[in-house]
Structure formats: C-alpha cells, structure tokens
Amino acid sequence: MIISFDLDLTLIPYNQEFEVEFRSTVAKWLGIEEIRLGTPGLIRQLKKNGHEIYIYTTSYRKPHLIKKTLKYYGIHVNKIITQPLNNKKLTALNIHASKYPPAFNIDLHIDDSLGVQKEGTYFDFKTIIISSDDEDWVNTIYNSIYI
C-alpha cells in the first residue's frame with residue numbers, strides 16, 4: 001500500500017503543538033526542521049511492513065530541503081509531492097481540491113486537516129486525520145491501518 005503523510009501540523013509543528021524528536025544545535029543551524037515525536041519509528045515500521053511512504057504536502061518547500069530534514073531523522077521516503085507538482089497534476093485532471101491522493105496512486109493519506117477529510121469523502125479517497133493533541137497518534141494510525 002502507498003501511504004502518504006502531510007507535513008505541516010501533521011509531522012512538522014508550527015509552534016509547540018506536539019512533542020518533537022531531539023534536534024541538535026548544529027541541525028537547527030543547518031535548517032533541519034523539527035519533526036513529531038515517534039515519526040521515525042512509525043515510518044520505519046510501515047516500510048518494514050511493506051508499505052511505500054510518500055510525503056504529500058501543499059507546501060512550497062523544495063523537495064531537497066524536505067529530504068534533508070527527513071534524512072537527519074533517519075527517514076527515507078519513496079516520493080515527495082509538493083504544491084507545484086500537486087497543482088500541475090490536479091489542473092491536468094480538472095480536480096478542484098487541495099489534495100487528491102489517487103492522482104499519485106496513493107492508497108491512504110494521513111493529514112491534520114478536516115478539509116482534506118471532507119475532500120476524501122467527496123472524492124472517495126481514504127484519509128486518517130490526526131489532531132495535534134493526539135499523544136497516541138502512532139497507535140491511532142496503526143489501529144486505522146491494521147484493525
């Protein structure tokens with residue numbers, strides 16, 4: 001299964017919405033962003049279970065900068081989709097949504113946005129919505145996938 005994750009407020013905080021993994025002072029200077037506590041282990045386990053992992057964000061960050069942050073935490077993903085690629089693909093398909101995972105062969109998208117959940121219902125794609133105050137978010141995802 002191809003599983004995608006949103007970045008902002010799902011894996012990367014704006015402020016202090018959730019606990020984050022340790023990040024060294026040097027990493028801060030190098031522009032490595034904070035990442036949600038538990039993310040590296042979750043993604044490694046999902047990959048170990050045979051899933052492909054994508055990042056699917058409406059951010060305009062450069063993919064190489066996202067890769068740099070993920071690599072710092074020992075995370076390797078199969079694909080990164082940012083807003084420019086998303087815009088191009090959804091325009092070509094005449095889809096009017098913020099995200100449309102089926103356009104990228106994504107089976108399940110994990111996000112924080114209730115708007116994406118509504119789009120999932122409307123366009124018939126699977127989502128798991130994780131709130132920033134869900135301290136057991138890793139198990140929320142495991143339970144949604146495996147139960």
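The following exchange concerns the fold of a predicted protein model and one of its helices.

Colleague: Which pattern of helices and strands does the protein chain follow along the sequence?

Modeller: The protein chain of this predicted model contains six helices and five strands. Read along the sequence, these elements give the pattern β-α-α-β-α-β-α-β-α-β-α.

Colleague: How compact is the protein chain for its 147 residues?

Modeller: For 147 residues the globule rule gives 15 Å, and the radius of gyration of the chain is close to that value, so the chain is as compact as a globular protein of that length. The radius of gyration itself is 15 Å.

Colleague: What share of the residues in the protein chain is buried?

Modeller: A residue counts as buried when its relative accessible area is under 20%. Of the 147 residues in the protein chain, the buried share is 44%.

Colleague: Where do the buried residues of helix α3 lie, seen down its axis?

Modeller: Helix α3 covers residues 63-72, and Ile66, Thr69 and Leu70 are buried there. Seen down the axis of α3, these residues fall within an arc of 95°, so they line one face of the helix.

Colleague: Which exposed residues does α3 carry on the face turned away from its buried side?

Modeller: Exposed means a relative accessible area over 50%. On the face of α3 turned away from the buried side, the exposed residues are His64, Lys67 and Lys71.

Colleague: Which strands do the buried residues of α3 pack against?

Modeller: Contact here means heavy atoms within 4.5 Å. The buried residues of α3 pack against β2 (52-56) and β3 (79-81).

Note on methods
Residues are numbered from 1 along each chain as its sequence is written. This is a predicted model: local features need pLDDT of at least 70, side-chain atom pairs count only at pLDDT 80 or more; totals for chains, interfaces and linings use all residues. Side-chain values use heavy atoms; hydrogens and water are left out. Helices (H or I, at least four residues) and strands (E, at least two) are DSSP runs, numbered from the N terminus. The radius of gyration is taken over C-alpha atoms; the globule rule is 2.2 Å times the number of residues to the power 0.38. Buried means under 20% relative accessible area, exposed over 50%, partly exposed in between (1.4 Å probe, protein chains only). The arc is that of the directions from the helix axis to the C-beta atoms.
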